[in-house]
Amino acid sequence: AAHNGWLAAIAVVAAAAGAVGGLLGRPSAIAIVPALVTAIVCGCFVELHARVDERGLTIAFGPWRFPRMRIAIDRIESARAKEIAPMANGGWGYRGSLSLFGRAAAIVRGGEGIELQLAGDQVFVLSVDDAATAAGLLNDLAARTRRP
């Protein structure tokens, strides 16, 4: 898992602003909706949970662990631990598109992360704690699936 305290603070402040705006005076959708949308979007990227198993890598976002995505083990050619710089990957959140651009990133904070080389010259970058262990497991599992 990886966590971003700044995004958590922004989500709380935005939710509070939306609630206060709704309680004071006439509720206005012009003021409330953007605050609540900001709270929900930031809340989705407060945490990132990664799970490695024989099927591949499952990534779940936020405290609700939704949305989820899976990268099948047979798509993973290699994995390596690396230092992640959010701005080098387009910023925080989910950036890019594997299907459109061949590159995507799920970034909740700078620092430790993994880079996956996927089939079809695609690259996926992910913020995650204990990246070396995750990369090692993914490489071992991917090697097992390629054996005849």
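**Exercise 1. The sheet and its helix**

Which helix lies across β5 and β8, and at about what angle to β5 does it run? Work it out on this predicted model.

*Solution.* Begin with the sheet itself. Five strands form an open sheet in the order β5-β8-β9-β7-β6, with mixed pairing. The edges are taken by β5 (76-84) and β6, each with a single partner strand, so one side of each has no neighbour in the sheet. From one strand to the next, the twist averages 15°.

Next, look at the pairing of β5 and β8: these strands run in the antiparallel sense over 8 bridges. To find your place there, note that Ile76 stands opposite Leu118 in β8.

Now add the helix. Helix α4 (residues 131-146) lies across β5 and β8, and its direction is about 170° to that of β5.

**Exercise 2. Following β3**

Trace the partners of strand β3 and decide how far the strand is covered.

*Solution.* Take one partner at a time. Strand β2 (residues 47-53) pairs with β3 in the antiparallel sense over 6 bridges, and the hairpin between them passes through 2 residues. Here Asp53 sits opposite Gly56 in β3.

Turn to β4 (residues 68-72), which also pairs with β3 in the antiparallel sense, over 5 bridges. Gly56 appears again, standing opposite Ala72 in β4. This hairpin has 6 residues between the strands, and Gly62 takes a positive phi near 70° in it.

As for cover, 6 of the 6 residues of β3 (residues 56-61) are buried, so the strand is mostly covered.

**Exercise 3. An aromatic pair**

Find how many aromatic pairs the whole structure holds, and describe what you find.

*Solution.* The search gives 1 aromatic pair. Its members are Tyr94 and Phe124, with 6.3 Å from centre to centre and 40° between the planes, a tilted arrangement. Tyr94 belongs to strand β6 (residues 93-97) and Phe124 to strand β9 (residues 122-127), so the pair ties together parts that lie 30 residues apart in sequence.

Then compare the surroundings. Tyr94 is partly exposed because its relative accessible area is 30%, while Phe124, at 0%, is buried.

**Exercise 4. The nonpolar core**

Identify the residues with the most contacts inside the largest nonpolar core, and the element that gives it the largest share.

*Solution.* As background, nonpolar side chains tend to be buried together in soluble globular proteins. In this model the largest core has 28 residues, and Ile59, Ile114, Leu116, Phe124, Leu126 and Leu138 have the most contacts inside it. At least two core residues come from each of β3, β4, β5, β7, β8, β9 and α4. The largest share, 6 residues, is that of α4.

For a closer look, pick Leu126. Setting aside neighbours within four places in sequence, its contacts include Leu48, Ala50, Leu57, Ile59, Ile84 and Ile114. Another core, of 5 residues, lies apart from the largest one; among its members are Ile84, Ala105, Val123 and Val125.

**Exercise 5. A charged residue in a loop**

Is Arg109 buried or exposed, and what does its side chain reach?

*Solution.* First place the residue: Arg109 is in the loop between β7 (103-107) and β8 (111-118). Its relative accessibility is 14%, and the cut-off for buried is under 20%, so Arg109 counts as buried.

Then follow the side chain. It reaches the backbone oxygen of Glu112 at 2.7 Å. The side chains of Arg109 and Asp129 are also joined, by a polar contact of 2.6 Å.

Key: Residues numbered from 1 in each chain as written. Predicted model: local features only at pLDDT ≥ 70, side-chain atom pairs only at ≥ 80, totals over all residues. Heavy atoms only, no water. Helix = DSSP H or I, 4+ residues; strand = E, 2+ residues; numbered from the N terminus. Buried < 20%, exposed > 50% of the residue type's maximum accessible area, 1.4 Å probe, protein only. Polar contact = N/O pair within 3.5 Å; in protein donor to acceptor, adjacent residues only side chain to side chain. Phe/Tyr/Trp six-rings, centres within 6.5 Å; stacked < 30°, edge-to-face > 60°. Pairing = 2+ DSSP bridges. Axes fitted to C-alpha atoms, helices over the stretch in contact; angles between N-to-C directions. Contact = heavy atoms within 4.5 Å. Core = buried A, V, L, I, M, F, W, Y, C linked by side-chain atoms within 4.5 Å.
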